[in-house]
Amino acid sequence: EGSCMLLLVAASAGVLVRPRCPSPAACVEPVPDVGYDMRRLILVRHGAVSRELSDPPVRPGALYGGNYDVPLSLAGEAEAEAAARFIASQALGDEVRFICSSPMSRALYGAKAVQSALRSRVIGGLKLETNELLREIDRGAWANRTVAEVEADPRYGPGAYDRCALEDDYGREVAGGEGMADLRDRVLAARDYVLRGTRPGSASVMVSHMWVTRVLLADALGAPDVLQIDVPTASVSVVDYPDGSWPSSAAHTPAEARLVGHKPAG
């Protein structure tokens with residue numbers, strides 16, 4: 001069983017975030033078949049994590065990003081498996097030919113769950129590949145510190161967390177990690193790599209992290225503020241790319257952002 005969330009829909013005024021629906025039957029819309037001239041990406045965020053099981057442990061509420069390979073909790077593993085079953089239960093599963101994952105264990109668990117759930121759909125099984133470009137954002141000096149601690153530090157000050165998300169170079173120049181421009185460049189390069197290997201009329205799955213997925217969805221929706229985009233653990237979003245909407249260096253056509261999200265019960 002699982003509850004679901006319609007995460008995002010394209011809206012003329014920007015990004016519309018919908019509340020969680022009370023039951024799957026009430027809100028899981030059938031995902032349309034991918035168009036013959038479209039390349040589909042199915043974006044999956046990893047499940048919930050156990051900070052204390054990281055080596056070294058991550059403190060409660062602290063940022064960890066791509067700096068710590070924090071494992072899934074038991075609930076997070078169940079979420080990841082539910083997301084894989086959801087993909088398999090939709091026509092989505094019939095279209096998938098490739099899975100690309102962050103190398104971090106919390107994402108790779110979900111990628112392997114999708115691979116297992118869809119194994120029987122493709123003769124010889126589905127190829128699963130890891131890609132360092134899908135690693136979560138590097139938090140630099142902020143790793144293993146809470147947002148409150150960061151913003152109490154006179155080197156950063158109030159609003160530092162939001163500035164890191166909204167200003168291209170802040171995370172690199174001030175926090176010593178990655179700026180949003182750095183993250184966006186590598187994530188869109190990974191997306192373009194996956195799309196090049198995705199035939200028109202078929203789909204690939206990308207399993208990664210909150211900020212990686214936010215960047216992908218913000219680009220698809222033309223949303224300048226990634227903080228508007230909610231990406232719960234183990235959520236699934238679908239984006240169809242026509243020719244001309246990628247690669248990022250030459251895009252002139254918007255992606256078709258028919259985004260349906262599924263949030264397994266946790």
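**Group meeting: helices, cores and pockets in a predicted model**

Okay, let's start with a helix. Helix α4, residues 105-118, has 14 residues, and from its first C-alpha to its last it reaches 20 Å, close to the 20 Å expected at 1.5 Å a residue. Before I go on, a caveat: this is a predicted model, so please hear everything today as computed from that.

Which residues of α4 are buried? Here's the list: Arg106, Ala107, Leu108, Gly110, Ala111, Ala113, Val114, Gln115 and Leu118. Keep Ala113 and Val114 in mind, since they'll be back in a minute.

Quick step back to the whole chain. The secondary structure comes to nine helices and seven strands. There are 266 residues, and 56% of them count as buried. On contacts, if you take those with a separation of 6 or more, 70% are between residues 24 or more positions apart.

Now the cores. A general point to set this up: in soluble globular proteins, nonpolar side chains tend to be buried together. Here, the largest nonpolar core has 40 residues, and the members that touch the most others are Trp142, Leu183 and Trp211. Which elements each put at least two residues into that core? You've got β3 (38-45), β4 (96-101) and β7 (236-242) among the strands, and α6 (160-166), α8 (180-196) and α9 (210-221) among the helices. The largest share is from α9, with nine residues. Then there's a second, separate core of 24 residues, and that one includes Val96, Ala113, Val114 and Ala234. So there are our two α4 residues again, Ala113 and Val114, both on the buried list for that helix.

Let me zoom in on Trp211. What does tryptophan 211 contact, leaving aside neighbours within four places in sequence? Glu136, Ile137, Arg139, Tyr161, Ala165, Met180, Leu183, Val226 and Leu227. Note that Leu183 is in there, and Leu183 is another of the residues touching the most other core members.

Sticking with α9, valine 215 is found in that helix too. Why does valine 215 count as buried? Because its relative accessible area is 4%, and the cut-off for buried is under 20%. Not counting residues up to four places away in sequence, valine 215 touches Met180, Leu183, Arg184 and Val187. For a distance, valine 215 and leucine 183 are 32 residues apart in sequence and 7.9 Å apart in space, C-alpha to C-alpha.

On to α8, then. This helix has 17 residues and reaches 24 Å from first C-alpha to last, close to the 24 Å expected at 1.5 Å a residue. Buried in α8 are Met180, Ala181, Leu183, Arg186, Val187, Leu188, Ala190, Arg191, Asp192, Val194 and Leu195. And what covers those buried residues? The cover includes β3, β4, α6, β6 (202-208), α9 and β7.

One more residue, over in helix α3, residues 92-95: that's where glycine 93 sits. Glycine 93 counts as buried because its relative accessibility is 1%. Outside its four-place sequence neighbourhood, glycine 93 touches Ile87, Leu118 and Arg121. Leu118, by the way, is one of the buried residues of α4. And glycine 93 and alanine 203 are 110 residues apart along the chain, yet their C-alpha atoms are separated by 8.6 Å.

Last topic, empty space. Rolling a probe the size of a water molecule over the atoms shows where empty space is left. How many cavities of 30 Å³ or more are there? The count comes to one, and the largest cavity holds about 40 Å³. Lining that cavity are Ile137, Asp138, Arg139, Trp142, Cys164, Gly171, Ala175, Gly177 and Glu178. By class, that's four nonpolar, two polar and three charged. Trp142 is on that lining, and it's also one of our top core residues.

For the docking-minded, the open pockets. The largest has about 250 Å³ of space. Of its 18 lining residues, the closest to the centre are Arg45, Arg51, Tyr64, Gly65 and Met210. The lining has eight nonpolar, five polar and five charged residues.

The second largest pocket has about 180 Å³. It's lined by 13 residues, with Arg184, Ala218, Ala223, Pro224 and Val226 closest to its centre. Those 13 divide into eight nonpolar, one polar and four charged. α6, α8 and α9 each supply at least two residues of that lining, and the largest share, three residues, comes from α9.

That's my bit, thanks.

Definitions and conventions
Residues numbered from 1 in each chain as written. Predicted model: local features only at pLDDT ≥ 70, side-chain atom pairs only at ≥ 80, totals over all residues. Heavy atoms only, no water. Core = buried A, V, L, I, M, F, W, Y, C linked by side-chain atoms within 4.5 Å. Buried < 20%, exposed > 50% of the residue type's maximum accessible area, 1.4 Å probe, protein only. Helix = DSSP H or I, 4+ residues; strand = E, 2+ residues; numbered from the N terminus. Contact = heavy atoms within 4.5 Å. 1 Å grid on protein atoms, 1.4 Å probe; cavity = no way out; pocket = protein on both sides within 12 Å on 5 of 7 lines; lining within 4 Å. Points joined across faces, edges and corners; volume = space filled by probe spheres on them. Nonpolar A, V, L, I, M, F, W, Y, C, P; charged D, E, K, R; others polar. Expected span 1.5 Å × (residues − 1).
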